[in-house]
Amino acid sequence: MKENRTLELGGGRDPVPRAVNMDIAGVSGVDVVADLTEEWPIKPESFDRIEAYHVLEHIAHDDLPEVFRRAYESLRPDGTIHAEVPLAHSRSAKNDPTHRSQWYWRTPMYYTDDDQLSYEIGSDFEFTLVDRNVRLFLTSGKWYVRPPSWLLKQWSVRNPSLIELVKLPYVTGVLEFTLQKLE
Ligand SMILES: C[S@@+](CC[C@H](N)C(=O)[O-])C[C@H]1O[C@@H](n2cnc3c(N)ncnc32)[C@H](O)[C@@H]1O
């Protein structure tokens with residue numbers, strides 16, 4: 001049986017178990033030290049899945065098309081890339097000076113064939129969207145905020161239109177999406 005291989009981008013010190021963790025920082029837990037915006041030391045079509053948690057927002061919009069192209073080349077046919085990014089309107093996203101790109105509901109679509117505007121980033125690779133959702137929650141550590149925060153999370157998973165709430169103070173959120181490589 002073929003081995004199912006996962007490449008994690010920017011796993012840092014807390015990588016996904018059993019994934020090959022590629023990160024710019026040579027800290028413990030990193031298997032391959034490489035900058036995602038430069039050539040990747042990865043053989044073409046050598047992974048079935050790529051995971052990227054809270055790293056794509058650290059890449060500038062100008063570099064993202066190349067990052068997605070390299071991801072495309074590293075994946076086997078039908079392989080997927082699954083990513084999680086903070087929603088751009090979240091206070092936590094706006095506060096962080098290391099963020100180089102902003103992610104909204106439509107942003108992942110620019111890296112797919114599904115959006116009529118995706119030609120604008122000049123992509124020569126083909127992904128399709130297989131899943132996308134948001135999770136909102138309240139940014140307070142107070143114990144009494146936990147139940148409403150939990151409820152907000154449940155509602156937002158079912159109703160992505162609640163994404164607009166992230167503009168309110170104390171509401172933050174993440175966008176999760178999965179793209180699949182087309183043959
Ligand atoms: C916010 S941390 C997220 C770490 C981990 N994925 C998590 O969710 O806990 C961002 C990670 O991306 C890495 N990173 C930032 N820019 C990068 C780049 N250009 N190439 C590779 N890794 C990068 C950082 O070194 C860091 O480990």
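**Glu45**

I looked up Glu45 in this predicted model and counted 14 C-beta neighbours inside 10 Å, so Glu45 is partly exposed. Exposed would need 12 or fewer and buried 20 or more, and therefore Glu45 falls in between. Glu45 sits in the loop that joins β3 and β4. I noted its phi: positive, about 50 degrees, although Glu45 is not a glycine. Most residues other than glycine have a negative phi.

**Arg18 and Asp14**

I went on to a second positive phi, that of Arg18, which is about 70 degrees; Arg18 is not a glycine. I found Arg18 in the loop between β1 and β2. Is Arg18 buried or exposed? I counted 9 other C-beta atoms within 10 Å, so Arg18 is exposed.

Asp14 belongs to the loop between β1 and β2. I got 8 C-beta neighbours inside 10 Å for Asp14, which means that Asp14 is exposed. I also took the distance from Asp14 to Lys94: their C-alpha atoms are 23 Å apart, with the two positions 80 residues apart along the chain.

**Sheet**

I then traced the sheet. In what order do the seven strands lie? I read β3-β2-β1-β4-β5-β7-β6, an open sheet with mixed pairing. At the edges I have β3, residues 32–33, and β6, residues 127–138, each of which pairs on one side only.

I checked the pairs one by one, starting at β1 (residues 6–9). β1 and β2 (residues 20–23) are parallel, with three bridges; Leu9 faces Met22 of β2. β1 is also parallel to β4, over four bridges, and here Thr6 has Arg49 as its bridge partner in β4. I followed Arg49 further and found Thr80 of β5 opposite Arg49. β4 and β5 run parallel and are joined by six bridges.

**Helix α1**

I looked at what α1, residues 64–74, lies across: β1, β4 (47–53), β5 (75–86), β6 and β7 (171–181). The angle I have for α1 against β5 is about 140 degrees. Which residues of α1 are buried? I listed Leu64, Val67, Phe68, Arg70, Ala71, Tyr72 and Ser74. These buried residues pack against β1, β4, β5, β6 and β7. A general point I kept beside the list: an α-helix has 3.6 residues a turn, so residues three or four places apart point the same way.

**Helix α3**

I turned to α3, residues 146–158, which lies across β6 and β7 and runs at about 160 degrees to β6. How many of the 13 residues of α3 are buried? I counted one, and I noted α3 as hardly covered. From first C-alpha to last, α3 reaches 19 Å, close to the 18 Å expected at 1.5 Å a residue.

**Trp103**

I looked up Trp103 in the loop between α2 (91–95) and β6. Why does Trp103 count as buried? I found 23 C-beta neighbours inside 10 Å for Trp103, and 20 or more is enough for a residue to be buried. Leaving aside neighbours within four places in sequence, I listed its contacts as Glu57, Val85, Leu87, Ala88 and Leu175. I also took the C-alpha distance from Trp103 to Thr37, which is 18 Å, with the two 66 residues apart in sequence.

**Ligand**

I finished with the ligand. How many residues surround the ligand? I counted 15, the closest being Gly10, Gly12, Ile24, Leu36 and Tyr53. I sorted the shell by type and got six nonpolar, six polar and three charged residues.

How values were computed:
Residues numbered from 1 in each chain as written. Predicted model: local features only at pLDDT ≥ 70, side-chain atom pairs only at ≥ 80, totals over all residues. Near = placed C-beta within 6 Å. Nonpolar A, V, L, I, M, F, W, Y, C, P; charged D, E, K, R; others polar. Pairing = 2+ DSSP bridges. Helix = DSSP H or I, 4+ residues; strand = E, 2+ residues; numbered from the N terminus. Contact = placed C-beta atoms within 7 Å. Axes fitted to C-alpha atoms, helices over the stretch in contact; angles between N-to-C directions. Expected span 1.5 Å × (residues − 1).
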